[in-house]
Amino acid sequence: MPLRAKVASSVSRTAAALSRAAGRGDGSVIGGWIGLKIDPDLLAHLAAGRAIALISGTNGKTTTTRLTAAAVGVLGPVATNSFGANMPTGHTSALAKAGSTPYAVLEVDEHYLAQVLEATEPRVVALLNLSRDQLDRAKEVSMMAQLWRAALVRHPGIRVVANADDPMVVWAATPPQQRSDHLPPPSITWFSAGQRWHDDSWVCPECGSPIERSGEQWWCTGCPLRRPTPHWVVEDDGVVDPHGAWHKIVLQLPGRVNLGNAATALAVAAQFDVRPTDAVGRLSSVTSIAGRYAQVTRDGRNIRLLLAKNPASWLEAFDMAEHAPTLLSINARDPDGLDTSWLYDVDFSPLRGRQVLITGDRAYDLAVRLEVNDVPFQHVRSFGDAVGSVPPGRLEVIANYTAFQDIRAELDRVN
């Protein structure tokens with residue numbers, strides 16, 4: 001690297017280490033921020049010479065990144081932003097901290113994908129899903145799909161691993177028709193993990209016609225856009241690879257959605273020539289990720305933490321949670337989005353029949369929503385009060401971003 005980049009990288013590592021020592025977090029943002037101030041091209045310098053995979057989407061990025069890093073780890077050391085700092089500052093800090101690894105797997109906020117593609121020139125990018133998320137400060141889903149598509153058009157040589165079940169992702173990953181005459185077809189590997197959330201993909205992004213669904217299939221009623229045949233498919237408790245071989249997946253993470261994340265990880269690792277038979281055993285080493293899915297014993301209660309940031313992820317959290325007392329915590333601070341109207345996109349009826357507690361800055365907004373959904377609840381002022389209000393045994397905790405971090409801090413920042 002140029003001398004300036006070397007100095008910037010060293011300062012980045014030092015700043016991150018000081019932040020951790022001071023108890024101000026893991027340093028994954030401040031280290032990258034300072035490094036990029038010294039050398040604005042630091043991310044590109046740190047990425048040079050590495051085989052890189054980028055993982056992006058509305059939901060599941062952090063978990064899929066950790067699973068993919070474990071799978072690619074078959075080949076050697078892997079740099080990764082494993083705690084969810086998914087903007088260029090976090091990528092810079094992660095690569096600086098890791099040193100000269102041959103591989104990197106980076107989670108990328110969907111809004112920054114084009115910028116990070118430009119800086120890192122990855123071997124492969126995985127596109128997980130697109131759904132509504134913090135619409136008071138983020139882009140509409142169709143706008144996000146357009147940005148992804150435009151970014152991939154500018155990088156036709158990048159391999160793409162994309163979700164065949166999400167029409168918005170399929171459209172974003174497929175180049176415009178007029179390109180096919182003068183450019184080689186893109187390298188796209190499709191995976192299928194199912195899609196429960198359909199409310200952002202009833203209208204074709206290509207022509208505006210309705211999208212119809214039947215079982216696993218979907219198609220546009222006005223143009224050729226339709227579900228492609230997937231190469232990787234979740235089947236029962238395993239994954240079928242492109243050669244038709246079935247691989248049993250054993251995870252320490254709950255829910256069918258994580259089987260889909262595992263299928264994505266195997267598909268991405270295959271782009272590095274990692275055989276599924278070599279990778280599947282490593283997936284079981286992934287437990288909680290920055291507190292997600294962590295289980296902690298406190299005062300005789302086995303507490304499990306589930307992060308849910310938007311309607312699609314709340315539906316998945318309900319699937320993961322056991323039928324046990326459940327605490328819901330909602331804030332509306334800047335990282336969460338200030339508008340809580342998204343609560344009305346979530347069907348809370350799966351919580352009927354269990355003890356439900358609510359807390360957080362916007363607990364009363366949640367209370368109104370639960371009353372509309374006819375779900376009985378009890379309001380508690382704090383996480384500690386919630387623990388004291390349930391009998392010994394399992395307590396499921398589902399919280400949005402800052403509420404999740406508040407509870408995680410009360411549990412001594414469990415990872």
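This briefing walks through a few spots in the structure: a strand hairpin, three polar loop residues and a patch on the surface. Keep in mind that the model is predicted. Two of the loop residues, Thr340 and Thr101, are buried, and each has a side-chain polar contact to look at. Over in the strands, β9 pairs with β6 and also with β10.

**Strand β9 and its partners**
- Strand β9 covers residues 232-235, with Trp232 and Val234 on its covered face and Val233 and Glu235 on the uncovered one.
- That pattern fits a general rule: in a regular strand the side chains alternate between the two faces of the sheet.
- On one side, β9 runs parallel to β6, and two bridges link the pair.
- If you want a spot to find that pairing, Phe191 sits opposite Trp232 of β9.
- With β10 (residues 238-240), β9 is antiparallel, and three bridges hold the pairing.
- Glu235 has Gly238 in β10 as its bridge partner.
- β9 and β10 make a hairpin with two residues between them, and Asp236 in the turn has a positive phi of about 55 degrees.

**Thr340**
- You'll find Thr340 in the loop that links β14 (326-329) to β15 (356-359).
- Its relative accessible area is 9%, so Thr340 counts as buried.
- Beyond its sequence neighbours up to four places away, Thr340 touches Ala332, Arg362 and Asp365.
- With Asp365 there's also a side-chain to side-chain polar contact, at 2.8 Å.
- As for Ile52, 288 residues away along the chain, its C-alpha atom is 36 Å from that of Thr340.

**Thr101**
- Thr101 lies in the loop between α5 (88-98) and β3 (103-108).
- Thr101 is buried too, because its relative accessible area of 10% is under the 20% cut-off.
- Not counting residues up to four places away in sequence, Thr101 touches Arg50, Pro77, Val78 and Ala79.
- The side chains of Thr101 and Arg50 are joined by a polar contact of 2.7 Å.

**Ser209**
- Look for Ser209 in the loop between β6 (188-192) and β7 (211-214).
- At 19% relative accessible area, Ser209 is buried, since the cut-off is under 20%.
- Leaving out neighbours within four places in sequence, Ser209 is in contact with Trp202, Val203, Cys204, Cys220, Thr221 and Gly222.

**A nonpolar patch on the surface**
- Leu3, Val7 and Val11 form a nonpolar surface patch, and together they have about 260 Å² of accessible area.
- Val7 belongs to helix α1, which spans residues 3-21.
- Val7 is partly exposed, with a relative accessible area of 41%.

Definitions and conventions:
Residues are numbered from 1 along each chain as its sequence is written. This is a predicted model: local features need pLDDT of at least 70, side-chain atom pairs count only at pLDDT 80 or more; totals for chains, interfaces and linings use all residues. Side-chain values use heavy atoms; hydrogens and water are left out. Helices (H or I, at least four residues) and strands (E, at least two) are DSSP runs, numbered from the N terminus. Buried means under 20% relative accessible area, exposed over 50%, partly exposed in between (1.4 Å probe, protein chains only). Contact means heavy atoms within 4.5 Å. A polar contact is a pair of N or O atoms within 3.5 Å; within protein, one must be able to donate a hydrogen and the other to accept it, and residues adjacent in sequence count only if both atoms are side-chain atoms. Patches are made of residues with over 30% relative accessible area and no salt bridge: like charges are joined within 9 Å, nonpolar side chains (Val, Leu, Ile, Met, Phe, Trp, Tyr) within 5 Å. Accessible areas come from the Shrake-Rupley method with a 1.4 Å probe; for residues, only the protein chains shown count as cover. A salt bridge is a side-chain nitrogen of Lys or Arg within 4 Å of a carboxyl oxygen of Asp or Glu. Two strands pair if DSSP finds at least two bridges between them.
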